[in-house]
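Okay, everyone, thanks for coming. I'd like to walk you through one sheet and then one serine, so let me put the structure up.

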Amino acid sequence: MDVTRENFKTALSEFKRAIEACDFVAMDMEMTGLYENREQQPNRMDTKDERYAKLKRGVETYGVIQVGICMFTWTEAAEEQRLHGGSAEKSEGEEEGGYYEARPFSFNVFPCTSVGRMPVEMHFGFKNTAFEFLARNSFDFNKWVYSGIPYLRSDDAERIRAERAALFTNRQVMAVADDRISRAFVRDFERALKVFVDSGERTMRYETANGYQRKIVHDIVGRHDTLGTRGLDGNVEIFRATKKEMAKFAAKKLKLLDASIDDARGFCAVIDLLSKARKPVVGHNMPLDVLHAFSKFHEALPATSAAFEQAMSRFLPVLIDTKYIIESTPGIKARYRTSNLDEIAPMLEQEAARESSQPLIRNHPRFTRHANQAMHEAGFDAYMTGATFIRLLKLDGGIDLSASVAHSGEYGSELVLYRYINKLYMALGDSLYWQIDGSGDSRGSSAAAASPHSASNEALDSTTSSMEDPDAGEDTPHYAHDTVLLQG
């Protein structure tokens with residue numbers, strides 16, 4: 001589903017229903033750049049804090065223009081037959097009696113430019129090579145600018161509300177008339193206002209040349225308990241009212257302001273729902289995506305990596321990086337010789353098509369747009385990331401359990417997943433991952449990931465079924481069947 005500001009409210013309702021029912025979510029973003037220069041690019045000899053500082057600088061420099069979120073929901077074959085009629089018997093080659101239903105959303109996002117009539121300014125860079133790359137992949141820049149869904153972080157929204165509310169309640173800071181023309185404007189307006197107050201007239205309009213002059217008028221009038229203002233095109237209307245009427249007027253304007261802020265927050269509502277759902281979020285080479293999601297749509301990035309890890313455990317508590325799965329599993333790496341999504345995803349898709357006539361992953365009927373899409377469109381990339389995740393965990397022998405788990409006879413998919421939870425691919429020295437679990441363990445130990453008491457594991461437990469595969473035995477291959485993978 002391609003989502004712009006025109007169909008955002010409808011898509012948001014659809015998203016809310018889907019996120020509550022899904023088993024896991026895949027996410028991808030298209031950005032305006034990655035790193036400012038060669039010195040800011042990742043280096044294997046970076047410390048974790050140095051790498052975080054580089055990522056943070058890149059995220060705060062560049063913008064996000066498109067966010068892809070695809071939800072995957074396990075659907076039993078019997079349930080499908082019940083809904084659509086027909087026999088409940090499995091077809092030859094049908095995978096364990098069901099499939100994953102995919103709902104891909106591609107959100108075109110553009111920073112909020114105004115709240116009500118008040119302009120909001122945001123700054124971000126755009127690298128020429130990123131611009132060329134997006135153009136080469138048919139990105140529609142006009143749609144991005146004119147139809148992009150606005151977004152405004154909650155802390156920015158609170159600041160703007162406080163500034164505007166001060167105008168309504170006479171607690172604003174007086175604009176400084178710091179030049180000769182402005183001082184003359186203040187002098188002339190104060191004279192005109194005195195004449196208006198003495199006249200007993202109910203309203204007066206005063207012509208202004210720009211927003212700065214309008215602010216001066218609002219500020220001066222705001223010092224009077226029984227005078228109010230309304231901004232109009234090219235002028236400001238000053239009106240007389242009782243204190244009770246002024247209080248009622250201010251309350252009405254605050255209500256309208258809150259509605260404007262809700263509209264301006266826009267896409268942040270999607271990320272709020274995603275965070276609240278506490279579903280596993282899958283990505284490919286995730287660090288930049290995760291930092292952008294946090295910084296653009298949640299709150300400002302913390303100064304240190306440790307503080308960020310703690311914050312992430314509350315924001316998105318379960319993360320799974322398919323690039324780390326590939327890079328850390330020798331069998332998969334040797335078989336496909338690549339961990340690039342645009343290379344491995346088609347190979348896995350072709351293998352799946354050869355092995356079974358019944359597709360394991362199907363698009364929901366209302367979400368067929370991305371079925372034959374090209375890479376580097378965020379919704380399609382999110383879909384392919386989630387599909388790759390499912391197929392990686394289905395590989396015969398592809399996922400290698402530890403010896404202790406193998407001898408225990410437990411082969412549940414959750415035990416496999418615990419090896420990858422909150423390990424984002426990041427080549428640092430002799431390590432392949434960055435542990436994001438709020439534990440403060442800078443080494444990213446596997447013990448921290450497997451702790452049954454961590455916030456991330458509690459969130460995963462809420463979306464998974466049994467911890468054991470009842471068919472597991474000595475001859476059972478070391479992989480998780482996708483039919484129990486995150487099955488709700």
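Before we look at anything, one cut-off: when I say buried, I mean under 20% relative accessible area, and exposed means over 50%, with partly exposed in between. Also keep in mind that this is a predicted model.

So, start with strand S9, residues 235-240. How many of its 6 residues are buried? The count is 5, so S9 is largely enclosed by the rest of the structure.

Now, what surrounds S9? Let's take the strands to begin with. S9 belongs to an open sheet of 3 strands, in the order S7-S9-S8, and the pairing is antiparallel. Strands S7 and S8 sit at the edges with a single partner strand each, so each of them has one side without a neighbour in the sheet. Going from one strand to the next, the twist averages 25 degrees.

Let me go through the two pairings. Strand S7, residues 203-207, runs antiparallel to S9, and there are 5 bridges between them. If you want a spot to click on, Tyr 206 is opposite Val 236 in S9. On the other side we have strand S8, residues 227-232, again antiparallel to S9, with 6 bridges. Here Gly 228 faces Phe 239 of S9 across the pairing, and Leu 232 has Asn 235 in S9 as its bridge partner.

S8 and S9 also make a hairpin, with 2 residues between them. Which residue in that turn has a positive phi? That's Gly 234, at about 80 degrees.

Okay, helices next. Helix H7, residues 180-199, lies across S7, S8 and S9, and its direction is at about 165 degrees to S7. Then there's helix H8, residues 211-221, which packs on the sheet and touches S7, S8 and S9 as well. The angle for H8, taken against S8, is about 165 degrees.

Last stop, the serine I promised. Ser 260 lies in helix H9, which covers residues 243-265. Buried or exposed? Ser 260 has a relative accessible area of 23%, so we call it partly exposed; remember, buried needs under 20%.

And what does Ser 260 touch, once we leave aside its neighbours within four places in sequence? The contacts are Val 115 and Gly 116. In that stretch of chain, have a look at Ser 114 too: Ser 260 and Ser 114 are 146 residues apart in sequence, but 8.9 Å apart in space, C-alpha to C-alpha.

That's my tour, happy to rotate anything you'd like to see again.

Conventions:
Residues are numbered from 1 along each chain as its sequence is written. This is a predicted model: local features need pLDDT of at least 70, side-chain atom pairs count only at pLDDT 80 or more; totals for chains, interfaces and linings use all residues. Side-chain values use heavy atoms; hydrogens and water are left out. Helices (H or I, at least four residues) and strands (E, at least two) are DSSP runs, numbered from the N terminus. Buried means under 20% relative accessible area, exposed over 50%, partly exposed in between (1.4 Å probe, protein chains only). Contact means heavy atoms within 4.5 Å. Two strands pair if DSSP finds at least two bridges between them. Axes are lines fitted to C-alpha atoms, for helices over the stretch in contact, and angles run from 0 to 180 degrees between N-to-C directions.
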